[in-house]
Each structure stands twice: as structure tokens, then as C-alpha cells.
Amino acid sequence: MKPQVNIVAVVDVIGALSGSTLLNGNLCMMDDGGENSAHQGTPDLCTVVRPGQVVSWSALAVDLQTPVEIKNISFVPENGSHSSGQTQGQAQGVQNGNHTEGDKLDLDVWTGIVPNWLTPGVAYRYRLELQMYEGENSVMHIDTPALMCQ
């Protein structure tokens, strides 16, 4: 088992902003976990992890003119409802090796530890919120990626 799994979200920012969606090929996600994660290269990435393992997320923009950053990562409740400020688990931002508050948008990497309470074989979906530049419609999210313990 690797001590850390890295997840990268690659965003076609111009496509996402033009279509007001992270779907339709505007987002692909990959990990380097090496544990046969499912749906590599899609927004439905299901990363296989183990309790206590470190998971790090980062975002990359296809268009280097418009930056993209992770605004928040939180688990989606089993009933699928998700309101802001209501989380069961949350990743923390790390910049230059120091933990910072989650609302800072200048973070390069978000890091969390897989909790021990995850049931093996169950995919726990999480909300990935991305901010692309600034403005009224600059924040978008998806609830389709997941972590699954072996």
C-alpha cells in the first residue's frame, strides 16, 4: 500500500465556463493509487483507498490563462442531499507544507486522511467544488467522484 494517493482534477476551464458545467468532457480525474480505481479519466473517479491513508487532491487547468482552484471537498451524505456547511468529513488545504483554512483559494493541494469508519466495498461520494477565476458563475461542483476502502 502506498502511504499517499494523489488525485488530479484536470479542467477545461473555457469549456466549463462556456457550458456552465463540469460534465461533457470539461473535467477528468485521475489518481496514482495503484489499487485498480474505477473510472479513471472521468468525473466519476472511484479511488480505492485504505483507512489511515493520506489522499491529496490538486486541480490543473487546460487553459493556462484562467486559473482553477479547489474551493472545497466534502463527503456527500447517503441520502444525496448536500447543503453548504453540512459535511461529514472534509479535506484540509495544505500550502507549502502548512495547513491552512479551507476557505482560502490560493491552495495548491488539498489533503485528507481516510477515516477508519468507512465500510469496505462502499463507494463514498464526495463533492468537489472548483473555482475558476472570479465572478457570479465561477464556482461549480460535482458529487460523482468517490473514495472506496478495500
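**Contacts, core and strand pairing in a predicted model**

Leaving aside neighbours within four places in sequence, T66 is in contact with V13, I14, L17, A61 and Y133. The model is predicted. T66 sits in the loop between β4 and β5. Its relative accessibility is 12%, so T66 counts as buried, the cut-off being 20%. A polar contact of 3.2 Å connects the side chain of T66 with the side chain of D63.

The overall architecture is rich in listed strands: the protein has 11 strands and 1 helix. Along the sequence, the elements follow the order β-α-β-β-β-β-β-β-β-β-β-β. Of the 150 residues in the protein, 43% are buried. The accessible surface comes to about 7900 Å². Carbon and sulfur atoms hold 49% of that surface. Among contacts with a separation of 6 or more, 61% are between residues 24 or more positions apart.

The largest nonpolar core contains 30 residues. Those touching the most other members are I7, L22, M29, W57, Y126, L128 and L130. Several elements supply at least two residues each: β1 (4-11), α1 (13-19), β2 (27-31), β4 (54-61), β5, β9, β10 (139-142) and β11 (146-149). The largest share, 5 residues, comes from β9. In general, nonpolar side chains of soluble globular proteins tend to be buried together. L130 belongs to this core. Neighbours within four places in sequence aside, L130 is in contact with V11, L22, L27, A59, V68, E69, I70, K71, S138, V139 and M140.

Strand pairing was examined next. β5 and β9 run antiparallel and are joined by 7 bridges. Within this pairing, E69 stands opposite Q131 of β9. Of the 8 residues of β5, 6 are buried, so the strand is largely enclosed by the rest of the structure. S74 is a residue of β5. Its relative accessible area is 2%, and with a cut-off of 20% S74 is therefore buried. The C-alpha atoms of S74 and R127 are separated by 5.3 Å. Along the chain, these two residues are 53 residues apart.

β9 also pairs with β11. These strands run antiparallel, with 3 bridges between them. A123 stands opposite M148 in β11. Strand β3 (residues 46-49) is joined to β11 as well, by 4 bridges, and this pair runs parallel. Here T47 stands opposite L147 in β11. β11 thus takes part in a parallel pairing with β3 and an antiparallel pairing with β9.

Aromatic pairing was counted by ring centres within 6.5 Å. The count comes to 4 aromatic pairs. In one of them, the ring centres of F75 and Y124 are 6.4 Å apart and the planes stand at 80°, so the pair is edge-to-face. The pair links distant parts of the chain. F75 lies in strand β5 (residues 68-75) and Y124 in strand β9 (residues 123-132), 49 residues apart. Both F75 and Y124 are buried. Ring pairs extend the picture to W117, which forms a cluster with F75 and Y124.

A further polar contact involves T111, in strand β8 (residues 109-113). The side chains of T111 and S56 are joined by a polar contact of 3.2 Å. T111 has a relative accessibility of 18%, which is under the 20% cut-off, so T111 counts as buried.

Backbone torsions were also inspected. Most residues other than glycine have a negative phi. S20 is not a glycine, yet has a positive phi of about 55°. N24, also not a glycine, has a positive phi of about 60°. S20 lies in the loop between α1 and β2. N24 is placed in the loop between α1 and β2 as well. Exposure requires over 50% relative accessible area. S20, at 54% relative accessibility, therefore counts as exposed. N24 reaches 72% and so counts as exposed too.

Methods. Residues are numbered from 1 along each chain as its sequence is written. This is a predicted model: local features need pLDDT of at least 70, side-chain atom pairs count only at pLDDT 80 or more; totals for chains, interfaces and linings use all residues. Side-chain values use heavy atoms; hydrogens and water are left out. Rings of Phe, Tyr and Trp (its six-membered ring) pair if their centres lie within 6.5 Å; planes under 30 degrees apart count as stacked, over 60 as edge-to-face and the rest as tilted. Buried means under 20% relative accessible area, exposed over 50%, partly exposed in between (1.4 Å probe, protein chains only). Two strands pair if DSSP finds at least two bridges between them. A polar contact is a pair of N or O atoms within 3.5 Å; within protein, one must be able to donate a hydrogen and the other to accept it, and residues adjacent in sequence count only if both atoms are side-chain atoms. Contact means heavy atoms within 4.5 Å. Accessible areas come from the Shrake-Rupley method with a 1.4 Å probe; for residues, only the protein chains shown count as cover. A nonpolar core is a set of buried Ala, Val, Leu, Ile, Met, Phe, Trp, Tyr and Cys residues joined through side-chain atoms within 4.5 Å.
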